[in-house]
Each structure stands twice: as structure tokens, then as C-alpha cells.
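Me: Please take a close look at a single part of this structure, and explain it slowly to someone who has not met it before. I would like the surroundings as well, so that the part can be placed within the whole.

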Amino acid sequence: MKQRVVLSVWHKWLALLVAIQVVIWLGTGLYFNVTEGQGDTARQVRQTVHHVGDVGSVSLLPLRQLAAPAPLKAELIWSLGKPYYVLWYNQPAHRYFPLERRVYDAQTGQPWQIGLQQVASVAQRAYRSDKQTASNTVMSAPVLITPPIDDLNNQQNPLWRVNVNDALNTSIYLDALTGHVVTFVNDDSRFRALMFTLHFMDYAGTGSFNNSIIIVFAVLTGMLSLSGAYLLFHTHAVARPLNEFEPHTNTQLTIRDKHSHTHSLCLSEHAGDNLYFALLANDISLPSECQGAGTCGKCKIVTNASMPVTPVETAHLSTQAIADGIRLACQHPARQFSEITIPVALPTSRSDQ
Ligand code: FES
């Protein structure tokens, strides 16, 4: 019985936790439905930067002449009209995983990394501003930032960031080595990212819906279902129907209600029926949150009958309350009582005086 009380408390807290997340799912799901098809406003101010220069006039140094360790792969890229070799020393599944690369000038063979001014130039070219706002648009100086990056939770590589003073506070993120645009972020996409975080419970910022918090939550939801099924089974399937196969007894009971009205009742109870259910069968409903399951401690009555104190009563009633004759109706067979006081009014049809 004591375990059922503990289980009931856990069940309620789990239910609260699950209910909060369900409300979040409903709210964020509704947001995704309503905003679907509205387009990404961060993309609307982004335009392609043409880096490729005059290919015909450039003579490239052969790759094998680079003074660099052998890479897994090599690629030729262009940045603001000049060619560069990017040597890859790992091949992660996603570009936001740590990248091990080196960049060399493809004409001189010298190690290279894009500079501040070139980054600013790429950002200027990548940002599309309309004629009315172009003169008012100001960009911040590029800043090289290292993870964690607030706007890009899952990014594990350093990036250049250039902020634009437009209406949606656009930030332009560029590759730390090559200066190529990685992404645009603005207030709309930040809010959308927040909705994704809430919807997928990605509170640790892993960038994946298959994260450990959601797995733990799924287990907790399973426990909520199982504990609910267990409590339901013991409240209704076990407590009530099994008793119905047992013989009837009649109990003569005098009930005094909160208005001091009294009523004599001949309770026709099944053997083993507790007082809570016996009263309920006679239209007298005591306060309860567990419907007689013995977990809420609400079904209090006052009696002078003497009977053993159950663990549920110990858990919910003080020693003084028990000494004052307060007991829980669902804890004792109805036949153990001859006179009780209840904290609710008797139904009018039951009140004798
Ligand atoms: S403890 Fe809930 S009805 Fe008795």
C-alpha cells in the first residue's frame, strides 16, 4: 500500500512534466504549421558571391609541389578572384563537425588564410540590400569567433561573423579559413531555431532530435503510462470487481454530516468493500482525488471506532488527527463502523433531521 502512495506521487509529478512538454509540442507544432511556406527571410537578403577569377590567365602550382602532409582529399577553390588549394585531413559527416584543413595559395604554394578586409568584402557582396535601405545599411567589422556560437548551436568550427544593422539584425557567418559564406541568421531564423529547440527538446544544443534528453523523456513517458495503468488496475479492476463476487453483508450505520444532520443507513456492502465505496454506492461522495485507491489521503471521516492504523493513514494523517478519531474511509471495511461524521453534506434525500 505504501508503495502505491509513493508511486502515485511519482505518477503525478511525471504527469506534470509530460503535460508541460505536450503543451510545448502543441504550441511549437502550431507555429510550424502556421509559418510553413512563408520562406526564410535570412535567405532573402543573401546573394551568390562570384569568387572565380580569370581562369585562363592563372597558372596553378602542381599540388604535389605543396610543402604539406598528404591529405585525404584536396580541392581547388576561389576566393575573390584568386585560386587556393584546400587540403582536407578528415572527412566528417557534417560540415559543422570539426574540420581539419589547410589552405594554400594555388599560385605561390604559400599557406593562406583569409584576412579581415577580404572577409568584409565578401560579406558586402553576399548581402542583398534594396535601393531604399542600401545607404543606411551598416556592417560591423568581421570578428573571428570560436564555438560555442549562440546562433549556431551545433557549429564546432571557428567562423567569421559580420553583423548588419537591418530590421532583422542579420548576422553573416563565413568560413574562418576561406571566407566563403556559411549561413545568414536573423531574428526570424533565431526564433525558428528556438521553436526547434523546444519542439525537439534539444536543450543541450546538439542540433539533433535524437538527443539524450528526448530519450530520457521517452522513458519517463513510458513509466508514466505503466504507473498509470498499474494504479488504474488497482483502483478499479482489482479493488471493485473482485469484491463483487464476495457475499453481501448489511451494516447499520449512523452518519452525521457537516451540518450536524444525521441519517441511519443500512449499507448493503460486499465483504471487503471499504467504507468509501459503500458510501459511494449510497450516493454519499467523500472528498477524494484517487477515487478510493488509497493514495490521496482526502477521504477523511471521524469515528470513535477502534481499528488498526494503516500505512496510508500513517502517511497522510498526523498522530494527533488519528488520536482525534480521524480516519480514511477507503482504508477500512464499512462493517467496522457504527457511527461516523463526514465533512460533506448528506444528500437531501438522505438527511433524517
Ligand atoms: S485516500 Fe484517496 S479516497 Fe481514500
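Reply: Helices here are DSSP runs of H or I with at least four residues, strands are DSSP runs of E with at least two, and both are numbered from the N terminus. With that in hand, please keep in mind that this is a predicted model.

The part chosen for the close look is strand E6, but the setting comes first. The protein has nine helices and 12 strands, and its radius of gyration is 37 Å, well over the 20 Å that the globule rule gives for 353 residues, so the protein is more spread out than a compact globule. Its C-alpha trace spans about 110 × 50 × 35 Å along the principal axes, and 22% of the 353 residues count as buried. The protein is divided into domain 1 (1-40 + 187-238), domain 2 (46-185) and domain 3 (244-350), and strand E6 covers residues 171-175.

Is strand E6 enclosed by the rest of the structure or open to the outside, and why? A residue counts as buried if 20 or more other C-beta atoms lie within 10 Å of its own. Five of the five residues of E6 are buried, and therefore this strand is largely enclosed by the rest of the structure.

Two strands pair with E6. Strand E5 (residues 159-163) runs antiparallel to E6 and is joined to it by five bridges, and within this pairing Trp160 has Leu174 of E6 as its bridge partner. Strand E7 (residues 181-185) also pairs with E6 in the antiparallel sense, over four bridges, and here Ile172 is matched with Phe184 of E7. As a general background to such pairings, side chains in a regular strand alternate between the two faces of the sheet.

The connection from E6 to E7 is a hairpin with five residues between the two strands, and Gly179 in its turn has a positive phi of about 80 degrees. In general, most residues other than glycine have a negative phi, and most peptide bonds are trans. Against that background, the loop between strand E4 (143-145) and E5 deserves a look, for it holds Pro148, which is joined to Pro147 by a cis peptide bond with omega of about 5 degrees. Leu80, in the loop between strand E1 (73-79) and strand E2 (82-88), has a positive phi of about 50 degrees although it is not a glycine. With 17 C-beta neighbours inside 10 Å, Leu80 counts as partly exposed.

It remains to look across to the neighbouring domain. The C-alpha centres of domain 1 and domain 2 are 40 Å apart, and seven residues of domain 1 are in contact with six residues of domain 2. On the side of domain 1 that touches domain 2 there are no nonpolar residues, four polar ones and three charged ones.

Further along the chain, Met201 sits in the loop between helix H5 (187-199) and helix H6 (212-238), and its phi, near 55 degrees, is positive although Met201 is a residue other than glycine. Met201 is partly exposed, with 19 other C-beta atoms within 10 Å. Phe217, in helix H6, touches Gln21 and Met201 when residues up to four places away in sequence are left out, and its C-alpha atom is separated by 8.0 Å from that of Val18, although the two are 199 residues apart along the chain.

Definitions and conventions: Residues are numbered from 1 along each chain as its sequence is written. This is a predicted model: local features need pLDDT of at least 70, side-chain atom pairs count only at pLDDT 80 or more; totals for chains, interfaces and linings use all residues. The radius of gyration is taken over C-alpha atoms; the globule rule is 2.2 Å times the number of residues to the power 0.38. A residue is buried if 20 or more other C-beta atoms lie within 10 Å of its own, exposed if 12 or fewer, and partly exposed in between; C-beta atoms are placed from the backbone. Two strands pair if DSSP finds at least two bridges between them. Domain bounds come from an automatic or database domain assignment. Ala, Val, Leu, Ile, Met, Phe, Trp, Tyr, Cys and Pro count as nonpolar, Asp, Glu, Lys and Arg as charged, and the others, Gly among them, as polar.
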